[in-house]
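Let us take a friendly walk through a protein model, stopping at a few places along the way. Keep the sequence and the 3D view open beside you as you read.

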Amino acid sequence: MHTTVGIIGGGPAGLLLARLLHVAGIDSVVLERRDRSYVEHRQRAGILEQATVDALRAVGAGARLDREGMPHDGIELRFGGRAHRIDFPSLTGGRNVTVYAQTEVVKDLIALQLAEGGPLLFEAEVISIDGADTGSPVVRYRHEGREQILTCDYVIGCDGFHGVTRNAVPDSVRTTYERTYPYSWLGILAEAPPVYEELIYAHSERGFALASMRSPSVSRLYLQVPNGTDPGDWPDERIWDELDARFATHIDPGWKLERGPVTSKAVLPMRSYVTEPMRYGRVFLAGDAAHIVPPTGAKGLNLAAADVIVLAHALTRWRETGSTELLDAYSDTCLRRVWRAEHFSYFMTTTLHTDPEQSAFETRLQLSQLERVATSKHAAAELAENYTGLPLSG
Ligand code: APR
Ligand code: PHB
């Protein structure tokens, strides 16, 4: 089989890229290792920047998003027994975010691709990519019990942190940057109506907590836990009690979450990671295949979208004019945004989480930084601009 663009991975990056290319009249094939149900039910993030919403609408995936997505104009920070709201529009010239689960984004994109896009093969595991530095790279993959070959003009690795495309970039030209954090998140989904209008990020001496949502009747909540935590050690009541303890403030000591059946429980490690460059010959990397951020800044999905928006624009320029100028600039263009998001995610994570080993001095620095954000519109604007997403370039 031959295609213009071979896309490895059917997560948000691969699926959105396939749709952007389809709209531009460029053919592609998506190879996804897992089955459709697995990909559609993998619990992940839930915050969309405006550029991501715009891209989903542009590829025809905006209908349910516009019906069920929840626009949010701010977040609440809780620290030192107090609460402080960060308003997005007034600090960013009108920007906000939309709460809409990544699982729903993936479902919408898969339905579209199967209905009117190029081939999207599930349970098709890519084994290797050969000829990255030639004019016709070759993807070897296993599907329906047979090893098969896909020849391409370009191959795009959208296969996440555990993918294989990164291996097509020789160690001699590749640099990786990495930081792991001394804590993880215990994430739950619960059939419990959120008693809060907007997301709450809480710093507490007991550890970080985050209150998010999936709908008016489903809460999405996270607790900082030690690395290696077994979710089995956290029965539902213990989770609810700990969340209430971490969200407690002096101003409203009776504030409690509404409780309900916990339907999903998982421990997520926290990591920062970047591999450079995001391109070698005719092989490109996008999304988690190239970079990972701790989820505190809600950047992962939006960075993946930004990469493929830039890449689809570059591939369209090549198809229409033959010029590879934008393709040649892809890695540098994306890495500027990636590193900004890496820093913001690191800032949100290290300011809001209580490292078990941190000193009292470091805790006071965290509280001073949070106080600064709560009392200076300049510091609040810096957080709001990064959280709602800086303008796309390139
Ligand atoms: N062959 C085919 N598919 C593969 C292979 C392989 N060898 N290896 C991995 N994949 C698939 C995975 O099964 C997964 O569906 O690639 C996909 C990668 O998707 P994601 O990991 O979701 O990465 P990405 O599309 O970049 O989206 C980033 O997803 O993981 C979250 O927090 C992350 O929100 C961010 C978003
Ligand atoms: C989520 O809703 O899953 C979510 C929201 C904000 C974050 C991380 C996760 O920072």
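## Strands, ligands and a few odd corners

In strand β2, L31 is the bridge partner of I8. Keep in mind that this is a predicted model.

**Strand β1 and its neighbours**

I8 leads us to strand β1, which spans residues 2-8. Is this strand mostly buried or exposed? Six of its seven residues are buried, so β1 is largely enclosed by the rest of the structure. A residue counts as buried when its relative accessible area is under 20%.

β1 pairs with two strands that we can look at in turn. Four bridges connect β1 with β2 (residues 28-31), and this pair runs parallel. Six bridges connect β1 with β11 (residues 146-157), again in a parallel arrangement. To find a spot in that second pairing, look for H2, which faces T151 of β11.

Strands in a sheet are paired by hydrogen bonds between their backbones, in parallel or antiparallel fashion. In a regular strand, side chains point alternately to one face of the sheet and the other.

What lies along the path from β1 to β2? Together with helix α1 (residues 12-23), the two strands form a right-handed β-α-β unit.

**A three-stranded sheet**

For antiparallel pairing, turn to an open sheet of three strands, ordered β3-β7-β4. Its edge strands are β3 (47-48) and β4 (70-72), each of which pairs on one side only. Two bridges link β3 to β7 (residues 97-99), and these strands run antiparallel. Here L48 is placed opposite T98 of β7.

**Around ligand 1**

How many residues surround ligand 1? There are 23, and the closest are E32, R42, R44, Q102 and D288. The side chain of R44 has an N or O atom 2.7 Å from an oxygen atom of the ligand. Backbone atoms take part as well: a polar one in V126 is 3.0 Å from a nitrogen atom of ligand 1, and a polar one in L301 is 3.2 Å from an oxygen atom of ligand 1. On its own, ligand 1 exposes 700 Å², of which the protein buries 93%.

Helix α1 appears again here, since α1, β9 (124-130) and α8 (300-321) each provide at least two residues of the shell around ligand 1. The largest share, three residues, is given by β9. Sorted by class, this shell holds eight nonpolar, seven polar and eight charged residues.

**Around ligand 2**

Ligand 2 has 15 residues around it, and Y201, S212, R214, Y222 and P295 come nearest. Three side chains each bring a polar atom to an oxygen atom of this ligand, as the table shows.

| Residue | Distance from its side-chain polar atom to an oxygen atom of ligand 2 |
|---|---|
| S212 | 2.6 Å |
| R214 | 2.7 Å |
| Y222 | 2.6 Å |

Taken alone, ligand 2 has 280 Å² of accessible area, and the protein covers 99% of this. Which elements give two or more residues to its shell? They are β13 (199-202), β14 (209-215) and β15 (218-225). β14 gives the most, with three residues. By class, the shell around ligand 2 contains nine nonpolar, three polar and three charged residues.

**A buried arginine**

R246 sits in helix α7 (residues 236-247). Its relative accessibility is 6%, so R246 counts as buried. A polar atom of the R246 side chain lies 2.8 Å from the backbone oxygen of F208.

**Backbone details in the loops**

Our last stops are three loops. The first is the loop between β16 (262-276) and β17 (279-280), where P277 is found. The peptide bond leading from E276 to P277 is cis, with omega near -10°.

The next is the loop between β8 (120-121) and β9, which holds E123. Although E123 is not a glycine, its phi is positive, at about 50°. E123 is exposed, with a relative accessible area of 54%.

E144 is in the loop between β10 (138-143) and β11. This residue is not a glycine either, yet E144 has a positive phi of about 55°. Is E144 buried or exposed? At 65% relative accessibility, E144 counts as exposed, because exposed means over 50%.

Notes:
Residues are numbered from 1 along each chain as its sequence is written. Chains are lettered from A and ligands numbered from 1 in the order in which they are written. This is a predicted model: local features need pLDDT of at least 70, side-chain atom pairs count only at pLDDT 80 or more; totals for chains, interfaces and linings use all residues. Side-chain values use heavy atoms; hydrogens and water are left out. Buried means under 20% relative accessible area, exposed over 50%, partly exposed in between (1.4 Å probe, protein chains only). Two strands pair if DSSP finds at least two bridges between them. A crossover is right-handed if, with the strands pointing away from the viewer, the path from the first strand over the helix to the second runs clockwise. A residue is near a molecule or strand if one of its heavy atoms lies within 4 Å of it. A polar contact is a pair of N or O atoms within 3.5 Å; within protein, one must be able to donate a hydrogen and the other to accept it, and residues adjacent in sequence count only if both atoms are side-chain atoms. Accessible areas come from the Shrake-Rupley method with a 1.4 Å probe; for residues, only the protein chains shown count as cover. Ala, Val, Leu, Ile, Met, Phe, Trp, Tyr, Cys and Pro count as nonpolar, Asp, Glu, Lys and Arg as charged, and the others, Gly among them, as polar.
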